[in-house]
Amino acid sequence: MATIRLMSNNIWNCDSNKPAWEAIGEDCSAKARMPGIARVYAETKPDVIGLQEASHTMVDLLAHELQKLGLRYTVLWARFTSILYRSELFEVADAEYLCYPEHFEGYEGCFNDVRSKSCNLAVLRLKENGKRFVFANTHLWWKNRNPAVKTYQAGSGECRAYQVRLASEMIDRYRKKYDCPAVLLGDMNDTYDSPMMESAHACGFAHAHDVAVEYASEEKGYHYCFPDGHRSYVPGPFKSAIDHILVKGFAADAVRRFDRYIPDYYEPLSDHYPVYIDLLL
């Protein structure tokens, strides 16, 4: 058995600096932020990373920063949901990209602005022992399901549940084809107690937090970092987190650790702190 580290990281789609940041003498451009993101990966050493809100500009800059640090990651490109993997450890046996529909039946409005909500899938083979698994990196619809919140849009919770079902259907095709387990991770834009998570459980997924046998972080891993500025991280409960890692088809003790990386220097890099698992394969 080999232990691998899988990470999800929304790195905030922001290529250029913003006036509010300039006014306080700071820079939120991709060029300014990607060295910090690369530092995270140098310190945590994930073997596979699912990125969300990762523009082509950001991924290009990040790849160069990783190279400077001597970190060898190969990019499986997709619109905003690229995957980074260590090619000395893995090879891609198969892959597919799913862009979620812009419209959701029964509700008005768009449910996939700028086609950023998607699922990027890779079947990865671990060279050390030949074992395969599905790595599916997703970003679900973002608007709130609570009518009392400014960003409310009717059908948002139901839409995320539907998107999880679409992702699960794609994942199951590859699980059947390669007879292997699967990981579905990403910015799912909803909490543990949500229709989205109910849908995931109904599709046979378990949350890595719930099945980790050695350690499970209880942090939410999300803070304020937007075009108008950033604020310090305030600890919050796990059930309010919106970045998740789900597993399906693994042995009961396969997930060893579920954790979030929350270093002080990360505050101006992105609103989402990285979340990762250590997994026996």
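Okay, let's start with what lines the largest pocket: twelve nonpolar residues, twelve polar ones and eleven charged ones. Before I go on, please keep in mind that this is a predicted model, so everything I mention was computed from it.

How big is that largest pocket? The volume comes out at about 800 Å³. There are 35 residues in its lining, and the ones closest to the centre are Trp 142, Asn 189, Tyr 222, Phe 226 and Asp 271. Hold on to Trp 142, please, as that name comes back with the rings.

Now for the strands, and I'd like to begin with E8, which covers residues 182–187. Is E8 buried or exposed? Six of its six residues are buried, so the rest of the structure largely encloses this strand.

Who are the neighbours of E8? On the list is E7, residues 132–139, which runs parallel to E8 and is joined to it by six bridges. If you want to find that pairing on the screen, look for Asn 137, whose bridge partner in E8 is Leu 185. To get from E7 to E8, the chain passes through helix H4, residues 156–178, and this β-α-β crossover is right-handed.

E8 also pairs with E13, residues 243–248: here there are six bridges again, but the two strands run antiparallel. A good place to look is Asp 187, which stands opposite Asp 243 in E13.

Let's go back along the chain to E6, residues 118–126. This strand is mostly covered, with eight of its nine residues buried. One partner of E6 is E5, residues 90–99, and those two are antiparallel with nine bridges. Within that pairing, Leu 98 has Cys 119 of E6 as its bridge partner.

E6 pairs with E7 as well, in the antiparallel sense, over eight bridges. You can spot this one from Leu 124, which sits opposite Phe 133 in E7. E6 and E7 make a hairpin with five residues between the strands, and in it Gly 130 takes a positive phi near 80°.

A quick bit of background while you're rotating the view: in a regular strand, side chains alternate between the two faces of the sheet.

There's also an open sheet made of seven strands. In what order do they come? Reading across, you get E3-E4-E2-E1-E15-E14-E10, and the pairing is mixed. The edges are E3 (74–76) and E10 (215–216), each of which pairs on one side only. At the E3 end, E3 and E4 (residues 83–85) are antiparallel, with three bridges between them. Thr 74 is the residue to click on there, as it stands opposite Tyr 85 in E4.

Last topic: the aromatic rings. The count comes to twelve aromatic pairs. Take Phe 104 and Tyr 107: their ring centres are 5.4 Å apart and their planes are at 5°, so this pair is stacked. The cut-off for stacked is under 30 degrees between planes.

How covered are those two residues? Phe 104 counts as buried because its relative accessibility is 12%, and the cut-off for buried is under 20%. Tyr 107, with a relative accessible area of 34%, is partly exposed.

And here's Trp 142 again. Ring pairs link Phe 104, Tyr 107, Phe 111, Trp 141, Trp 142 and Tyr 162 into a cluster. So Trp 142 belongs to that ring cluster, and it is also among the residues closest to the centre of the largest pocket. That's it from me, thanks!

Definitions and conventions
Residues numbered from 1 in each chain as written. Predicted model: local features only at pLDDT ≥ 70, side-chain atom pairs only at ≥ 80, totals over all residues. Heavy atoms only, no water. 1 Å grid on protein atoms, 1.4 Å probe; cavity = no way out; pocket = protein on both sides within 12 Å on 5 of 7 lines; lining within 4 Å. Points joined across faces, edges and corners; volume = space filled by probe spheres on them. Nonpolar A, V, L, I, M, F, W, Y, C, P; charged D, E, K, R; others polar. Buried < 20%, exposed > 50% of the residue type's maximum accessible area, 1.4 Å probe, protein only. Helix = DSSP H or I, 4+ residues; strand = E, 2+ residues; numbered from the N terminus. Pairing = 2+ DSSP bridges. Right-handed = clockwise from strand over helix to strand, strands pointing away. Phe/Tyr/Trp six-rings, centres within 6.5 Å; stacked < 30°, edge-to-face > 60°.
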